[in-house]
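Thanks for making the time this morning. I would like to take you through one model, and I will keep to what can be read from its coordinates.

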Amino acid sequence: MDTKKQITKAKRLLALHYDPTLLVLPNIWDPLGARLLERLGYPAVATASAAVAFSLGYDDGEQIRFEAMLDVISRIAASVEVPLTADIERGYADSPDAVARNVRRVLKAGAVGINIEDSTVEGGPLQRVDFQCARIRAVRAMAVREGIPLVINARIDTFLGGVSGSKADKVAETISRANSYFEAGADCVYPITVGDIETLKIIRAETRAPINVYASEGTAPMRELEAAGINRLSLGPWFLKAGLTQMEKIARELLQYGSYECFTRGVMSSDDVRVYLSKGKMP
């Protein structure tokens, strides 16, 4: 691990959250995808835990071994010069100290940012605010000791089923958690599945931290998000799902003895792919 280089990358990643231009992250799961995005001009790359897990035959929700996730993170980080932020779900641990130890391993693997969730299980109850803040503080303290300004993106799962009550209740809880997590050391907050512009404007007005939004069918257009002061947009596993959908269509056509054009017309040549391998052998 080159500490000086990581410090530079971490500072660059954090600065992107304060740029008036929306930081768009089509989350990837392998070095080839990371290099493609880097070459196209994306200023940072991000993993999606679900995409990494799916690509290796596991379900999301920390079903993949942490060591396998670290291996993917390491390979991606070594493949690009732009900053990498890694989705590590709930931190693959419960206690603050254990989460901090795991995040230290993520730093050693070359990432300079993380996503960390406040659900106890996907779609289930949320961690107590004070306990989640303790987890965030422990991660921040570790990063300070390592001398790397790690960018912590604190996911808030109030709209995933972890909080009961009206929409107004969930918005209030989201704002409260967002500000608490920011005070504890998070750099960005991620109220996942909140995508309508009016709700986001309310959260933006009451939240001090930069805000990450999840792209889905009901999410406001990117220009509206940018105009409303939203800082970051994540695609989660949609990039992988879109590719897998095309693979399925081609496979179904071949079962029917269809035309080869379904996979030869308008697709990249091997030389086109090699453009993204121009740095040499993949790590």
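I will start with the sheet, then turn to one residue in a strand, and finish with the helix pairs.

Please keep in mind throughout that this is a predicted model. The sheet is an open one, built from five strands in the order β2-β3-β4-β5-β6, and the pairing is parallel. At its edges we find β2, residues 45-46, and β6, residues 188-191, each of which pairs on one side only. If we look at the β6 edge, strand β5, which spans residues 151-156, pairs with β6 in the parallel sense over four bridges, and A154 stands opposite V189 in β6. Helix α7, residues 167-184, packs on the sheet and touches both β5 and β6, with its direction making about 160° with that of β5.

Let me move along the sheet to strand β3, residues 84-87, where T85 lies. Is T85 buried or exposed? Its relative accessibility is 2%, and because buried means under 20%, T85 counts as buried. Leaving aside residues up to four places away in sequence, T85 touches L13, L25, V45, A46, T47, G113, I114, N115 and R232.

Now to the helices, beginning with α5, residues 96-108, and α6, residues 129-146, whose axes come within 8 Å and cross at roughly 40°. That angle makes α5 oblique to α6, and α5 passes α6 in a right-handed crossing. On the α5 side the contact is made by P96, V99, A100, V103, R104, L107 and K108, while α6 contributes F131, A134, R135, A138, V139, M142, A143 and E146. Sorted by class, this contact of α5 with α6 has eleven nonpolar residues, four charged ones and no polar ones.

Helix α6 also meets α7, and here again the axes come within 8 Å, with a crossing of roughly 30°. Since angles under 35 degrees count as roughly parallel, α6 and α7 are therefore roughly parallel to each other, and their crossing is right-handed. The residues involved are V129, Q132, C133, I136, R137 and R140 in α6, which meet E173, R177, S180, Y181 and A184 in α7. By class, the contact of α6 with α7 has five nonpolar, two polar and four charged residues.

To draw the pieces together, α6 is in contact with α5 and with α7, and α7 in turn packs on the sheet at β5 and β6. I am happy to go back to any of these views.

Note on methods
Residues numbered from 1 in each chain as written. Predicted model: local features only at pLDDT ≥ 70, side-chain atom pairs only at ≥ 80, totals over all residues. Heavy atoms only, no water. Helix = DSSP H or I, 4+ residues; strand = E, 2+ residues; numbered from the N terminus. Buried < 20%, exposed > 50% of the residue type's maximum accessible area, 1.4 Å probe, protein only. Contact = heavy atoms within 4.5 Å. Axes fitted to C-alpha atoms, helices over the stretch in contact; angles between N-to-C directions. Parallel < 35°, antiparallel > 145°, perpendicular 65-115°, else oblique. Left-handed = near helix turned anticlockwise from the far one by under 90°. Nonpolar A, V, L, I, M, F, W, Y, C, P; charged D, E, K, R; others polar. Pairing = 2+ DSSP bridges.
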